[in-house]
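Work through the three exercises below with the model open. Try each task before reading its solution.

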Amino acid sequence: MDLFDQKTKLADMIHSNYLLLPVINRFGIRLGFKDKTVRDICLEKQIDMNFFLAIVNAFHNHDFFPEKELKSFSSVLIVDYLRKSHLDFKKISLPKIERLINQLVANSKSDDLKVIQGFYNKYKKELLEHIKDEEETAFPYVLELQKSYDAPGKPLPPELAQYSIQSYEKEHSNVDEKLFDLKNIIIKYLEPNYNMVDCNDFLFELFQFERDLTDHSRIEDHILVPKVMDIEKELKP
Ligand SMILES: [Fe+2]
Ligand SMILES: [Fe+2]
């Protein structure tokens, strides 16, 4: 699979992979690109072009994951992108999935769907707790730690010395598995008395969300956490 570079036209990027649209929206880029290239738009919007390219290419091509390069970007840039993704999950993806499952339950006779709806509600609650924990504990810790790292010589504030990024790393596989299980129950065990159009819409949205979320978790687990662990090793020997 090809990779995008600074000469790639934004329009070609979206023709080649429309799932990148929400990803580039997180950088403040909206449709109506005309013939602008990645370089043009990054200059215009004052976006760090190398970071932008690393993020879109990692999403587009799963075999491409420039760990070393991504780890070299500031925690501030990485956390900012992750926070914008959280906002999309909370304000766009989850409400949309919820609308679709409500519609599906209303238009089908299947009792299985009520069970699936209950399963989804539990999954959503767990995911939102995970996001809240990152927003309120992990990300502020990362940003404070980065500040201390950037100002060598100053003693580490005691609240930073107590926390470790590894405590935050554990939960992903659990949340990711639940989303896979939800899709799997629908695909394998749903009785045929359901509304086909609504159910396909619901399932497609789950697949799309899973892809976005997997990419997000991959950046957290393979970029942010190891990067912070390196900083911790230096600051808390
Ligand atoms: Fe997250
Ligand atoms: Fe996470």
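**Exercise 1. Which residues form one aromatic cluster?**

Solution. Phe27, Phe51, Phe52, Phe73 and Tyr81 form the cluster. This is a predicted model: local features need pLDDT of at least 70, side-chain atom pairs count only at pLDDT 80 or more, and totals for chains, interfaces and linings use all residues. Residues are numbered from 1 along each chain as its sequence is written, chains are lettered from A and ligands numbered from 1 in the order written, and side-chain values use heavy atoms, without hydrogens and water.

Now search the whole structure: there are seven aromatic pairs. Phe27 and Phe52 have ring centres 5.0 Å apart and planes at 85°, so they pair edge-to-face (centres within 6.5 Å; planes over 60 degrees apart). Phe27 sits in the loop between H2 and helix H3 (38-45), Phe52 in helix H4 (residues 49-60), 25 residues apart. Both are buried (under 20% relative accessible area, 1.4 Å probe, protein chains only).

**Exercise 2. Place Asn17 and list its partners.**

Solution. Start with the loop between helix H1 (10-16) and helix H2 (21-25): Asn17 lies there. Its relative accessibility is 8%, so Asn17 is buried. Next, the side chain: it reaches the backbone nitrogen of Leu19 at 3.0 Å. Finally, leave aside neighbours within four places in sequence; Asn17 then contacts His60 and Arg211 (heavy atoms within 4.5 Å).

**Exercise 3. Where is the kink in H7 centred?**

Solution. Check the span of H7 (residues 112-150): at 1.5 Å a residue, its 39 residues should cover 57 Å (1.5 Å times one less than the number of residues). The end C-alpha atoms are 54 Å apart, which agrees. Then locate the kink: about 40°, centred on Glu134 (the angle between axes fitted to the seven residues ending there and the seven starting there).

How values were computed:
Helix = DSSP H or I, 4+ residues; strand = E, 2+ residues; numbered from the N terminus. Buried < 20%, exposed > 50% of the residue type's maximum accessible area, 1.4 Å probe, protein only. Polar contact = N/O pair within 3.5 Å; in protein donor to acceptor, adjacent residues only side chain to side chain. Phe/Tyr/Trp six-rings, centres within 6.5 Å; stacked < 30°, edge-to-face > 60°.
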